[in-house]
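Me: Hi! I have a structure open and would like to talk through how some of its helices pack. Can you help?

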Amino acid sequence: MFGSGPAAAAAALKSFPPFLMVASRGLIAGLILTLWAFIEGARSTWREWRASFLIGFLILACGAGAGTYGQLTVASGVAGVLSALLPLFAAVMGYCVFREKLPFRGTVGLVIGFAGIALLLRPGSGLDLFGVAVIVGGQIAWAAGAELSPRVGLPEEPRLAAGLELLAGGAILLAFSVAFGDLGRLNLATASTVSWIGFLWFIVIAIGGFTAFGYLS
């Protein structure tokens with residue numbers, strides 16, 4: 001599901017400013033998931049709120065925010081390939097910080113994947129280096145969030161955990177988007193149907209993908 005994210009972002013970026021778009025995605029999807037979990041009796045402690053704020057900051061605000069901004073100058077296909085760096089960064093962080101060891105097959109797979117990305121980014125590829133650097137930075141933040149999420153005490157209910165993360169990340173990005181001037185660049189009257197479809201799919205990805213991530217964490 002997350003694999004279709006760059007294509008959805010590319011469609012939405014035709015009409016919507018990047019940070020405001022990701023912020024709105026997080027707030028809408030987060031509100032849906034949090035209310036759903038609350039209706040079914042799930043509750044959270046202050047410690048779980050703080051943990052959700054940290055993971056939401058890393059994964060949504062830094063990870064998705066940077067990744068979407070980078071797509072202003074990097075094609076969605078390239079951004080999708082660059083997302084393959086996430087497991088590599090997570091594996092390196094897991095080993096260096098938490099002494100997690102990958103099985104041999106996993107290591108071979110990561111090496112092959114990294115070689116493919118290195119070929120994509122070879123000199124003369126014509127890619128915008130700043131955009132690529134922003135996306136890679138987002139993948140590093142996302143990997144940090146993925147490594148920390150099982151260790152910081154998130155809510156046990158996956159929908160509540162995902163919802164609080166999305167709300168926290170969305171609120172952070174909303175404040176940043178206002179400071180960045182995204183509101184002044186927003187014109188809903190000229191937004192295309194393709195952009196609205198991309199944005200709505202972006203929300204569906206957040207609801208399904210973050211909930212699945214919560215189950216797996």
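Reply: Happy to; we can go through a few helices and their contacts, bearing in mind that this is a predicted model.

Me: Great. How far apart are the end C-alpha atoms of α2, and what span should its 22 residues have?

Reply: The ends of α2 are 32 Å apart, and at 1.5 Å a residue the helix should span 32 Å, so the two agree.

Me: And what comes just after α2?

Reply: Gly-41, which takes a positive phi of about 95°.

Me: Where is the kink in α3 centred?

Reply: On Gly-56, with a kink of about 35°. The end C-alpha atoms of α3 (residues 46-70) are 34 Å apart, which agrees with the expected 36 Å for 25 residues at 1.5 Å each.

Me: How do α2 and α3 pack?

Reply: Their axes are 9 Å apart and the angle is about 140°. That makes α2 oblique to α3, and the crossing is right-handed.

Me: Which residues meet there?

Reply: From α2, Pro-18, Phe-19, Met-21, Val-22, Arg-25 and Gly-26 meet Leu-60, Ala-64, Gly-65, Thr-68 and Tyr-69 of α3. By class, this contact has 7 nonpolar, 3 polar and 1 charged residues.

Me: Switching partner: what about α2 and α8?

Reply: Helix α8 (residues 158-180) packs with α2 at an angle of about 150°, with the axes 7 Å apart.

Me: Why call that pair roughly antiparallel?

Reply: Because angles over 145 degrees count as roughly antiparallel, and α2 and α8 pack at about 150°. Here α2 passes α8 in a left-handed crossing, and the contact residues divide into 21 nonpolar, 6 polar and 1 charged.

Conventions
Residues numbered from 1 in each chain as written. Predicted model: local features only at pLDDT ≥ 70, side-chain atom pairs only at ≥ 80, totals over all residues. Heavy atoms only, no water. Helix = DSSP H or I, 4+ residues; strand = E, 2+ residues; numbered from the N terminus. Expected span 1.5 Å × (residues − 1). Bend = angle between axes of the 7 residues up to and from the residue. Axes fitted to C-alpha atoms, helices over the stretch in contact; angles between N-to-C directions. Parallel < 35°, antiparallel > 145°, perpendicular 65-115°, else oblique. Left-handed = near helix turned anticlockwise from the far one by under 90°. Contact = heavy atoms within 4.5 Å. Nonpolar A, V, L, I, M, F, W, Y, C, P; charged D, E, K, R; others polar.
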